[in-house]
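Subject: Structure for your review

Dear colleague,

Here is the structure I promised to pass on, with the sequence alongside. My notes on what I found in it follow below, and I would be glad if you read them with the structure open.

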Amino acid sequence: MTDMTSENPVILSSKEKPKTKKLKLSSVMDHSILILGSLFMLMPVLMAFTTSTHDHVTIHKEGLMLSIGDQFAENYGAAMFEKGGFTETVDGLTMLMNSLILGIGFAVGKIVISVLAAYAIVYFRLRFATLAFWIIFTTLLLPLEVRILPSYEVVHSFGLSNTYTGLILPLIASATGTFYFRQFFMSVPDELVEAAKIDGAGPFKFLIDILVPISKTMVAAIFIIMFVFGWNQYLWPALITTDETMFTIIRGIRQIILAYAEGNNIPEHGQAMALAVIAVLPPVLIVVFFQSWFVKGLVESEK
């Protein structure tokens with residue numbers, strides 16, 4: 001007993017105190033570069049916001065502004081609710097709604113087509129499934145700009161100009177989405193397929209009740225990517241829509257400048273900048289709120 005108690009102070013005194021972590025120069029440099037890069041990327045948005053709070057005469061004389069002006073409510077109210085354009089029939093709220101319909105329809109359509117294509121390629125054991133996949137994948141070499149004229153001819157011949165169907169339908173085929181879902185489905189264990197067959201689940205039930213629920217993180221990731229891509233579309237909406245009530249907000253920014261430039265007035269730069277800031281918000285909010293699903297859907301490997 002005496003020996004044991006005499007050893008305890010020695011053991012306690014031999015414990016080293018936890019060392020505090022020292023800042024490494026490389027870590028400080030890495031974070032500094034990231035912060036400076038973030039500020040550099042945010043600077044155009046910040047300048048657009050500060051400029052949007054000034055009146056159009058000041059902006060026309062002095063250019064982009066770094067200080068906040070006193071026209072915030074006026075410019076943003078006019079951008080959202082004041083009728084404008086060549087026909088004075090469209091406002092920012094209408095264009096914002098058109099962009100939301102285009103972005104959501106674009107994303108949902110691409111997800112549905114991609115899931116069905118990947119499901120057929122992986123689970124139907126078709127003879128030329130791999131060849132069909134690589135043919136689909138090679139369509140990445142044919143962007144919209146390459147096939148825009150034949151796409152326009154087809155849409156126009158069906159009378160789909162100035163419609164949401166004409167805006168969305170020609171864009172929903174996605175080789176990127178098919179690739180991601182194919183890789184995801186190939187990682188699903190075969191035991192899950194066998195268990196579904198034993199339970200009497202048919203192909204459609206297996207897709208809806210099993211594959212889609214376990215693919216929700218991948219669906220979320222693809223939805224974010226495709227929504228942002230569809231939201232930022234300019235060339236196709238500019239070609240297929242001539243009715244101002246069908247204009248998206250991305251096209252509407254340019255339309256404001258053109259409408260006032262046709263007259264002998266000073267362009268409403270403040271209103272255009274306000275629309276630009278508003279146009280940035282929905283994609284940013286979607287990415288911010290669903291970023292955890294976005295990252296998880298792209299990097300998750302265990303199912």
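**Leu96 and its surroundings**

Leu96 is a residue of helix 5, which spans residues 92-123. Please keep in mind throughout that this is a predicted model. With a relative accessibility of 15%, Leu96 falls under the 20% limit and therefore counts as buried. Which residues does Leu96 touch, once those up to four places away in sequence are set aside? They are Met80, Trp231, Ile249, Ile278 and Pro282. Leu96 can also be paired with Leu275, since the C-alpha atoms of the two are 9.2 Å apart in space although 179 residues separate them in sequence.

**The chain as a whole**

The secondary structure of the chain consists of 16 helices and 0 strands. Of its 303 residues, 34% are buried. If one takes the contacts between residues at least 6 apart in sequence, 71% of them join residues at least 24 apart.

**Two helices that meet helix 15**

Two of the residues that Leu96 touches, Trp231 and Pro282, turn up again in the packing of helix 12 with helix 15, where Ile224, Phe227, Val228 and Trp231 on the helix 12 side meet Ala279, Pro282, Pro283, Ile286 and Val287 on the helix 15 side. By class, this contact between helix 12 and helix 15 contains 9 nonpolar residues, with no polar and no charged ones. As for geometry, the axes of helix 12 and helix 15 (residues 269-289) come within 10 Å and cross at roughly 175°. Because that angle is over 145 degrees, helix 12 is roughly antiparallel to helix 15.

Helix 4 (residues 72-81) meets helix 15 in another orientation, the axes coming within 8 Å and crossing at roughly 70°. This value lies in the range of 65 to 115 degrees, so helix 4 counts as roughly perpendicular to helix 15. From helix 4 the contact draws on Asn75, Tyr76, Ala78, Ala79 and Met80, and from helix 15 on Gly270, Gln271, Ala274, Leu275, Val277 and Ile278. In terms of class, the contact of helix 4 with helix 15 has 8 nonpolar and 3 polar residues, and no charged ones. Met80 and Ile278, which take part here, are also among the residues touched by Leu96.

**Helices 10 and 11, and the loop that follows**

Helix 10 (residues 190-198) packs against helix 11 at an angle of about 150°, and their axes are 11 Å apart. Since this angle is also over 145 degrees, helix 10 is roughly antiparallel to helix 11. The crossing of helix 10 and helix 11 is right-handed. Leu192, Val193 and Ala196 make the contact from helix 10, while Phe206, Ile210 and Ile214 make it from helix 11. Divided by class, the residues of this contact of helix 10 with helix 11 are 6 nonpolar, no polar and no charged.

How many salt bridges does the count give? It comes to 1, formed by Lys205 with Asp209, whose closest N and O atoms are 2.7 Å apart. Both Lys205 and Asp209 belong to helix 11, where they are 4 residues apart, about one turn of the helix. Lys205 is partly exposed at 47% relative accessibility, and Asp209 is likewise partly exposed, with a relative accessible area of 43%.

Ser215 is located in the loop between helix 11 (203-214) and helix 12 (216-231). Is Ser215 buried or exposed? Its relative accessible area is 2%, which is under 20%, so Ser215 counts as buried. Apart from neighbours within four places in sequence, Ser215 is in contact with Phe184 and Phe185.

**Two further residues**

Asn162 sits in the loop between helix 7 (148-157) and helix 8 (164-168). Its phi is near 60°, a positive value in a residue other than glycine, and Asn162 is partly exposed, with a relative accessible area of 25%.

Pro44, finally, is found within helix 2 (residues 25-51). Pro44 has a relative accessible area of 52%, and because this is over 50% it counts as exposed. From C-alpha to C-alpha, Pro44 and Leu64 are 10.0 Å apart in space, with their positions 20 residues apart in sequence.

With best regards

How values were computed:
Residues are numbered from 1 along each chain as its sequence is written. This is a predicted model: local features need pLDDT of at least 70, side-chain atom pairs count only at pLDDT 80 or more; totals for chains, interfaces and linings use all residues. Side-chain values use heavy atoms; hydrogens and water are left out. Buried means under 20% relative accessible area, exposed over 50%, partly exposed in between (1.4 Å probe, protein chains only). Contact means heavy atoms within 4.5 Å. Axes are lines fitted to C-alpha atoms, for helices over the stretch in contact, and angles run from 0 to 180 degrees between N-to-C directions. Angles under 35 degrees count as roughly parallel, over 145 as roughly antiparallel, 65 to 115 as roughly perpendicular and the rest as oblique. Ala, Val, Leu, Ile, Met, Phe, Trp, Tyr, Cys and Pro count as nonpolar, Asp, Glu, Lys and Arg as charged, and the others, Gly among them, as polar. A salt bridge is a side-chain nitrogen of Lys or Arg within 4 Å of a carboxyl oxygen of Asp or Glu. A crossing is left-handed if the near helix is turned anticlockwise from the far one by less than a right angle, and right-handed if clockwise.
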